[in-house]
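Q: Could we go through this one together? I'd like to begin with the ligand and then turn to the helices.

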Amino acid sequence: MKTLTDTYTLTNGTKMPKIGFGTWQVPDGDIAYQSVLMALKNGYRHIDTAAAYRNEESVGRAIKDSGIPREEIFVTTKLESHIKTYEGALEGFEKSLKALDLDYVDLYIIHAPWPWSEIGKDCREGNVLAYKALEKVYAEGRAKAIGVSNFNPQDIENIIEHCDIVPMVNQIGYFIGHNQKETDEYCKAKNILVEAYSPLAIGQLLKNPDIIDMAKKYDVTPAQISIRYCIEKGTAPLPKSTHENRIIENTKVDFVIDKKDMDFLDSINDDPRKWS
Ligand code: A2P
């Protein structure tokens, strides 16, 4: 089976295609619509959006217009990071479903443990309240799986302690040089699937001379090495592009990076975003 459509199985049995199409920073309207349509046409069956991306309407329209049966596409959206109440989270979910024009989402997650405008703020109580709303929509079958994003182990422990359902995923920034070892190991121990957003470090990894060399060795591109790295680590990469040639390139990752090279990539521990 191709990596693109091969699946991970979440703790509740839900199957998630290993590679998702990311839509962060993809502008609403024609660009988001065309990008998602191109992704679906080229075999992606997992689309990742968020209320905060302000493109859910275009993403939903592309999903409909693709003509692909709804049940064949895995759709994720996220609760905005500043919403930390039960009622607010239920309202946020309804809004997202309406914008997407869908009856259910495959995965609904809390976007971050704190508002993006107040990174690090203690929102323990609010996260529990919001997560309880996720448990409700999960019980109703309107979210087939639930989880969190940008949570560290302590943030997840808080949810496990005060809620009923262990988050099924944690979506985090994850790429060569920034593989969040502590959070990754914690999530693996709890059977929480790690989704890797920005697997190309927002494009910065493509300039790394070591990755360029390794790509030559495997006769692939730096983007393909970066995406394959995430797969080898058991995470679900969410690459994004608005160009069809790159959207296609990012699906061609059916090769194996050998152990020695993985060890080398693991040893890079320099967040490449600071090179920019
Ligand atoms: P573009 O949309 O112009 O193709 P990440 O997924 O880590 O956030 O990285 C996304 C960035 O990398 C986007 O700016 C995207 O630009 C670029 N990108 C995505 N895929 C490729 C690729 N295969 N080759 C070069 N750049 C890419």
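A: Keeping in mind that this is a predicted model, one contact to begin with is that of Thr242, where a polar backbone atom is 2.9 Å from an oxygen atom of the ligand.

Q: And which atom of the ligand is 3.1 Å from the side chain of Glu249?

A: That is a nitrogen atom of the ligand, and its partner in the side chain of Glu249 is an N or O atom. Asn250 also takes part, with a polar side-chain atom that lies 2.9 Å from a nitrogen atom of the ligand.

Q: How much of the ligand's accessible area does the protein cover?

A: On its own the ligand has 570 Å² of accessible area, and the protein covers 82% of that.

Q: Which residues around the ligand come nearest?

A: There are 16 residues around the ligand, and those that come nearest are Leu200, Ile202, Lys240, Ser241 and Arg246.

Q: OK, on to the helices. At what angle do H7 and H8 pack?

A: Helix H7, residues 209-218, packs against helix H8, residues 222-232, at an angle of about 90 degrees, and their axes are 8 Å apart. Since angles of 65 to 115 degrees count as roughly perpendicular, that makes H7 roughly perpendicular to H8.

Q: Which residues meet there?

A: From H7 they are Ile211, Ile212, Met214, Ala215 and Tyr218, which meet Pro222, Ile225 and Ser226 in H8. By class, this contact of H7 with H8 has 7 nonpolar residues and 1 polar residue, with no charged ones.

Q: How do the axes of H8 and H10 cross?

A: The axes of H8 and helix H10, residues 259-267, cross at roughly 100 degrees and come within 11 Å, so H8 and H10 are roughly perpendicular to each other.

Q: What makes that contact?

A: Ile225, Tyr229 and Glu232 of H8 make it with Met262, Leu265 and Asp266 of H10. By class, the contact of H8 with H10 has 4 nonpolar and 2 charged residues, and no polar ones.

Definitions and conventions: Residues are numbered from 1 along each chain as its sequence is written. This is a predicted model: local features need pLDDT of at least 70, side-chain atom pairs count only at pLDDT 80 or more; totals for chains, interfaces and linings use all residues. Side-chain values use heavy atoms; hydrogens and water are left out. Axes are lines fitted to C-alpha atoms, for helices over the stretch in contact, and angles run from 0 to 180 degrees between N-to-C directions. Helices (H or I, at least four residues) and strands (E, at least two) are DSSP runs, numbered from the N terminus. Angles under 35 degrees count as roughly parallel, over 145 as roughly antiparallel, 65 to 115 as roughly perpendicular and the rest as oblique. Contact means heavy atoms within 4.5 Å. Ala, Val, Leu, Ile, Met, Phe, Trp, Tyr, Cys and Pro count as nonpolar, Asp, Glu, Lys and Arg as charged, and the others, Gly among them, as polar. A residue is near a molecule or strand if one of its heavy atoms lies within 4 Å of it. A polar contact is a pair of N or O atoms within 3.5 Å; within protein, one must be able to donate a hydrogen and the other to accept it, and residues adjacent in sequence count only if both atoms are side-chain atoms. Accessible areas come from the Shrake-Rupley method with a 1.4 Å probe; for residues, only the protein chains shown count as cover.
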